[in-house]
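Trainee: I'm new to this one and would like a close look at a single part. Could you walk me through one sheet and whatever packs on it?

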Amino acid sequence: MRKISGWLTIILCSIILLIIIVTPIALIPSIMSGSSTQMSAKEIICAIIGFIISISLLILGLRDGIKKIKRKSDKKFIEYESTLNIIVSGKISYRDYRNLIMGLSIKKPAFLLCLGLLILCLLSMCNNGNYHELPDTIWVVFFIFAGIVATPLLVLYQTKKAFKTNKIFKEEVLYNFNNDAVEFKGKSFNSTIAWSHFIKIKETKTFFMLYQDNIVANLIDKKMLTENEITELRKFITSLNVDVE
């Protein structure tokens with residue numbers, strides 16, 4: 001199902017992208033002959049901005065579709081011949097956790113699509129001086145704007161709630177990485193997870209995110225690790241049969 005949706009996204013975005021690129025080229029003869037309607041400077045600027053935003057959204061869609069159809073078999077595995085033995089401890093701060101979740105949320109295709117549509121609607125309204133003649137457009141802009149504002153606020157609320165209720169954020173946690181598993185040990189919990197149980201590993205600027213499913217991830221704050229330990233952990237991750245981002 002993931003690959004089907006990926007292919008559909010690629011096909012749809014490719015068709016629209018082709019239309020957007022071909023249309024200005026098709027208008028060149030009429031522009032050169034002077035038979036086209038003269039556009040004002042404001043209309044030209046709005047058209048250029050709208051063109052750039054539309055192309056950017058379609059490219060993001062293509063990238064998302066390509067990512068969905070990529071196979072694990074495409075990954076190049078590098079055998080890890082050393083003994084992994086990294087033991088660190090620490091606490092994840094609310095600020096780092098909040099910034100991580102907020103950053104991931106605003107990079108989601110759905111959020112970027114809504115932001116792009118909002119800008120396109122505003123550009124359309126700017127091109128039409130009679131705002132009272134655009135009641136439907138105004139409502140569309142309002143709902144998209146409300147969604148864009150509400151999404152970060154909802155994510156922020158859920159993030160704060162999750163941080164307060166999850167005991168792993170309240171305690172000093174010992175992380176033990178070896179060739180077979182990762183051990184998470186606190187005062188009230190002790191969990192050992194084999195590397196084979198992770199389906200995806202994502203590295204951000206501040207965290208390693210170890211996913212056991214498509215939603216929940218175990219977080220490793222890179223501040224707890226030295227540069228050598230981060231490099232060693234990266235090398236080990238490349239040897240695992242998991243999706244790596």
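Mentor: Happy to, and let's begin with a pairing: strand S5, residues 200-203, runs parallel to S8, and two bridges join them. Keep in mind as we go that this is a predicted model. You can pin the pairing down to residues, since Ile 201 has Val 244 in S8 as its bridge partner.

Two helices pack on this sheet. Helix H3, residues 94-106, touches S5, S7 and strand S6 (207-211), and the direction of H3 makes about 65° with that of S6. Helix H6, residues 227-237, also packs on the sheet, but touches S5, S6 and S8, with its direction at about 30° to that of S6.

Now step back to the whole sheet. There are four strands in the order S7-S6-S5-S8; the sheet is open and its pairing is mixed. At the edges sit S7 (217-221) and S8 (243-244), each pairing on one side only. As for what holds such neighbours together, strands of a sheet pair through backbone hydrogen bonds, in either a parallel or an antiparallel way.

Finally, zoom in on one residue of the helix we met first: Asp 96 is part of H3. Its relative accessible area is 12%, and the cut-off for buried is under 20%, so Asp 96 counts as buried. Who is around it? Setting aside neighbours within four places in sequence, Asp 96 is in contact with Phe 207, Asp 221 and Lys 223. Find Phe 207 in the stretch of S6 (207-211) and Asp 221 in that of S7 (217-221), and you're back at the sheet.

How values were computed:
Residues numbered from 1 in each chain as written. Predicted model: local features only at pLDDT ≥ 70, side-chain atom pairs only at ≥ 80, totals over all residues. Heavy atoms only, no water. Pairing = 2+ DSSP bridges. Contact = heavy atoms within 4.5 Å. Axes fitted to C-alpha atoms, helices over the stretch in contact; angles between N-to-C directions. Buried < 20%, exposed > 50% of the residue type's maximum accessible area, 1.4 Å probe, protein only.
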